[in-house]
Amino acid sequence: DATPVVSTGNIQQIGTWTVQYTGANTAPTVSDIHDPKATITVTPGDQVQLTWTVTSIVNGVVNTKCPATTDEVIIYNFAANPAANAGADQEDCGRTTAFTLDATPVVSTGNIQQIGTWTVQYTGANAAPTVSDIHDPKATITVTPGDQVQLTWTVTSIVNGVVNTKCPATTDVVTIYNFAANPAANAGADQEDCGRTTAFTLDATPVVSTGNIQQIGTWTVQYTGANTAPTVSDIHDPKATITVTPGDQVQLTWTVTSMVNGVVNTKCPATTDVVVLYNFAANPAANAGADQEDCGRTTAFTLDATPVVSTGNIQQIGTWTVQYTGANTAPTVSDIHDPKATITVTPGDQVQLTWTVTSIVNGVVNTKCPATTDEVIIYNFAANPAANAGADQEDCGRTTAFTLDATPVVSTGNIQQIGTWTVQYTGANTAPTVSDIHDPKATITVTPGDQVQLTWTVTSIVNGVVNTKCPATTDVVTIYNFAANPAANAGADQEDCGRTTAFTLDATPVVSTGNIQQIGTWTVQYTGANTAPTVS
């Protein structure tokens, strides 16, 4: 579109196009070098410089007696910019060396330079990172651990250092993630309570992000049990709450990770910590069953406690403990946690067993909810030894006590076996008493003229009460304290003549002093030829 040349006189003045082209393509040509409105075809991506030179021309020969005038025009036929490719996103963990970018290099279509340019988009508290060369597709960039940086690779044409967007730029984005090592997770201390109906408050250490990549903690619940699994009020809140059914234990894991666009990233390994919440249930009332007794048993006794049923997934269990004081070897239970366990008790021994109901975690008893207990006693009475009350004793007019002589009773085991004196007296005097009813060598004072029968009874005794599961044995001894006999008085002599009827004797009657009968007895002394007379 040059200005046409108008000659001043009859010497022709004319304009001429000359083309300046440097490039790989064939140089373009002008349709008519003297036509100010000539046409020229320029390959896309090329620029061509044309000079319009005005001169005088004589007989077809340029004459420069008057200097030529010139002007340049440039034709730019920009090529469509190729699709920008910034390369794949990159990620690493705690990297302190530079990342190498990997954009597709830009190849110019023609002699108009097409170029890629990096721009950095960074939001964070650290200094924004810079690219080693903004036009190098393989440039490097150092990203602080914990930060993510977005880079845009923009492909444009550039002329004389100035971007030209006659053909729209193309762009592509790559993100560099330099994850920071995740801090050690701390889920807080285990918690326990008894029968709690309100929520537990968790106590994990809050997670503080190192850079602009979010680091976050997440609660996961591990629950195995028959109840509905509990849920956390907010899985990312270190101080979240959770309600645990009484009787249940729940394990929670606090996992610290990096998170990008709502998605967990484990380029830097996650850290985890576990906390367990124990909400113990009140222990049911222990029932050890009824006391049991037998005589001389050599087979085991079967215990009869009420089985313990756990309320939740925390085991509630009963445990037998044996309390034994005695000279024999302490008996043991076949299985301390079996309510129907067996135990062999030596004849003569008693054993107390306590059935304790508690919660148990990892084999360790927990008493956050108080244990409940009940006792049962097993009595295996020994056969009572034969009672021996000693020999009968007698004396005359004794005013001091008699000493009894029973065989002492020796207990077989820790159940006391004891002898007991009982007095059988029938008479007009006050019944005599034994100095100590359980002393085999006790004393007793017997009124002269009296006899007293004493029975030595051997039995087992528990808490002061006689037990006859094994039959008692007895033996009897009699004490005779004879009274001095009163003076005999046979009455006055009698005589008669030829009497044919009987004589009536007139002795003084005998009166017993006590319950021992005192009696008079007639004996006849006769010397003669007739038959000896007899007393009526």
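Me: Why is Cys-369 called buried?
Reply: Cys-369 has a relative accessibility of 2%, and the words used here are buried for under 20% relative accessible area, exposed for over 50%, and partly exposed in between, computed with a 1.4 Å probe on protein chains only. Because 2% falls under that lower limit, Cys-369 counts as buried.

Me: What kind of model is this, and which residues and atoms enter the values?
Reply: This is a predicted model, in which local features need pLDDT of at least 70 and side-chain atom pairs count only at pLDDT 80 or more, whereas totals for chains, interfaces and linings use all residues. Residues are numbered from 1 along each chain as its sequence is written, and side-chain values use heavy atoms, with hydrogens and water left out.

Me: How do you know that a disulfide joins Cys-194 to Cys-369?
Reply: A disulfide is a pair of cysteine sulfur atoms within 2.5 Å, and here the S to S distance is 1.9 Å, so the pair meets the definition. The torsion about this S-S bond is about 110 degrees, and the disulfide is therefore right-handed. The pair links distant parts of the chain, with Cys-194 in strand β12 and Cys-369 in the loop between β24 (364-366) and β25 (372-381), 175 residues apart. Strands are DSSP runs of E with at least two residues, numbered from the N terminus.

Me: Why is Cys-194 called partly exposed?
Reply: The relative accessibility of Cys-194 is 28%, a value that lies in between the two limits given above, so neither of the other words applies.

Me: How many disulfides does the structure hold, and what makes the one of Cys-93 and Cys-268 right-handed?
Reply: There are three disulfides in the structure, and their pattern is 1-3, 2-5, 4-6 when bonded cysteines are counted along the chain. Between Cys-93 and Cys-268 the torsion about the S-S bond is about 115 degrees, which is why that disulfide is right-handed. Since Cys-93 lies in strand β5 (residues 90-93) and Cys-268 in the loop between β17 (263-265) and β18 (271-280), the pair ties together parts that are 175 residues apart in sequence.

Me: Why is Cys-497 called exposed, and why is Cys-167 called buried?
Reply: Cys-497 has a relative accessible area of 73%, over the upper limit, so Cys-497 is exposed. Cys-167 has 16%, under the lower limit, and is therefore buried.

Me: What makes the largest pocket a pocket, and how is its volume of about 540 Å³ defined?
Reply: On a 1 Å grid over the protein atoms alone, a pocket is an open set of points where a 1.4 Å probe fits, with protein on both sides within 12 Å along at least five of seven lines. Grid points are joined across faces, edges and corners, and the volume is the space filled by probe spheres set on the points, which comes to about 540 Å³ for the largest pocket. Its lining has 16 residues, those with an atom within 4 Å of a point, and the closest to its centre are Phe-503, Leu-505, Val-524, Pro-533 and Val-535.

Me: How do you know which class the lining residues of the largest pocket belong to?
Reply: Ala, Val, Leu, Ile, Met, Phe, Trp, Tyr, Cys and Pro count as nonpolar, Asp, Glu, Lys and Arg as charged, and the others, Gly among them, as polar. Sorted in this way, the lining has nine nonpolar, five polar and two charged residues.

Terms used: Helices (H or I, at least four residues) and strands (E, at least two) are DSSP runs, numbered from the N terminus.
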